[in-house]
Amino acid sequence: MPEGPEIRRAADKVERALQHKQVADVYFAFPELQAYEEILQGAIVTRVDTKGKAMLIRFDNGYTIYSHNQLYGKWYVRNVYNYPKTNRQLRLALHNEKKSALLYSASDIEVLRDEEVSDHPFIAKVGPDILSEKVTARDLLLRIKDKKFFRRKWAILLLDQGFAAGIGNYLRSEILFAAGIHPSLRPVDCSEEQLVKAAGAIIRLMKQSYRTGGITNDLKLAEKLKAEGVKRSSYRHWVFNREGTSCFICGTEIEKTQAASRRLYYCPECQNAKARPLAR
């Protein structure tokens, strides 16, 4: 599933293609949405927002298209009416004079009035979006210490979109490694230093992954390994998908476990399981 950085990058492409331009043609695959084709035709796209893994395409006539890629959705931006060769099913198409923005395979698409967006079930419950909103490390630190989140396991908490929008499976492993936190621990089990590191890592790695197209490893190290001919899949992350290989920091073998029915990777040395609770 694409995570927040991938959705924000897709939104950037859609926005560059559509923003401030009049929509000449609209296509919805789902019959219940087809009445909106005429309503949106001729409208101007004002901006493209994201809220975690959801995309919001805003129009100047008071309507917004909400979409969530879920597991299989994928956006393509092409020259107008130049459809890609793919076995995917086209769900949504927006065309202007020069470009087409095409959403394939996604099933979660809605058209909302602007005033309805904040009450949408996903938008209403999702936490702050680091890539689309002003969120500081202190904001996240206070959120981590909130009673709603403080006693939940990190491995579960980081996938909860109600805690912070856009964190998915690879970012979960990478954030915990960067903070030196074992995946079995909870915030309440951690030192203040670990909590500060976790808050900073969430923001830093989300933004770095967005800028680099998914690289969460140290960028100088990644460049060095790339120059040596190492495959991208082997230098992209600190620990994610690196089971059985050596930790870049200490050389210990990276291990894999399951948490929330999804794979999670960690270094047993850099992320030792010894709990260090906050002083009371």
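A residue counts as buried under 20% relative accessible area, as exposed over 50%, and as partly exposed in between. By that scale Tyr 81 is partly exposed, because its relative accessible area is 43%. The model described here is predicted. This briefing covers an open sheet of 4 strands, the largest pocket, with about 380 Å³ of space, two cysteines, and two residues with positive phi.

**Sheet and helix α1**

- The open sheet has the strand order β1-β6-β7-β5, and its pairing is antiparallel.
- At the edges of the sheet stand β1 (25–28) and β5 (74–79), each of which pairs on one side only.
- From one strand to the next, the twist averages 15°.
- Strands of a sheet pair through backbone hydrogen bonds, in either a parallel or an antiparallel manner.
- Strand β5 is joined by 6 bridges to β7 (residues 99–104), and the two run antiparallel.
- Within β7, Leu 103 is the bridge partner of Trp 75.
- Helix α1 (residues 4–18) lies across β5, β6 (90–95) and β7, and runs at about 30° to β5.

**Largest pocket**

- The largest pocket has a lining of 18 residues.
- Nearest the centre of this pocket lie Glu 6, Ala 10, Lys 13, Lys 74 and Trp 75.
- Both α1 and β5 supply at least two residues of the lining.
- The most is given by α1, which contributes 6 residues to the lining.
- Trp 75 thus appears in two settings: it has a bridge partner in β7, and it is among the residues nearest the pocket centre.

**Cysteines**

- The structure holds 0 disulfides.
- A disulfide is a covalent bond between the sulfur atoms of two cysteines.
- For Cys 247, the nearest cysteine sulfur is that of Cys 270, 3.8 Å away, and Cys 247 is in no disulfide.
- Cys 270 is likewise in no disulfide, its nearest cysteine sulfur being that of Cys 247.
- The cut-off for a disulfide is a pair of cysteine sulfur atoms within 2.5 Å, so a pair at 3.8 Å does not count as one.
- Cys 247 is buried, because its relative accessible area is 5%.
- Cys 270 is partly exposed, with a relative accessible area of 24%.

**Residues with positive phi**

- Tyr 81 is not a glycine, although it has a positive phi of about 60°.
- The loop between β5 and β6 holds Tyr 81.
- Asn 241, also a residue other than glycine, has a positive phi near 65°.
- Asn 241 is placed in the loop between α9 (232–235) and β9 (255–259).
- Asn 241 counts as partly exposed, because its relative accessibility is 45%.

Notes:
Residues are numbered from 1 along each chain as its sequence is written. This is a predicted model: local features need pLDDT of at least 70, side-chain atom pairs count only at pLDDT 80 or more; totals for chains, interfaces and linings use all residues. Side-chain values use heavy atoms; hydrogens and water are left out. Two strands pair if DSSP finds at least two bridges between them. Axes are lines fitted to C-alpha atoms, for helices over the stretch in contact, and angles run from 0 to 180 degrees between N-to-C directions. Contact means heavy atoms within 4.5 Å. Buried means under 20% relative accessible area, exposed over 50%, partly exposed in between (1.4 Å probe, protein chains only). On a 1 Å grid over the protein atoms alone, a cavity is a set of points where a 1.4 Å probe fits but cannot get out, and a pocket is an open set with protein on both sides within 12 Å along at least five of seven lines; lining residues have an atom within 4 Å of a point. Grid points are joined across faces, edges and corners, and a volume is the space filled by probe spheres set on the points.
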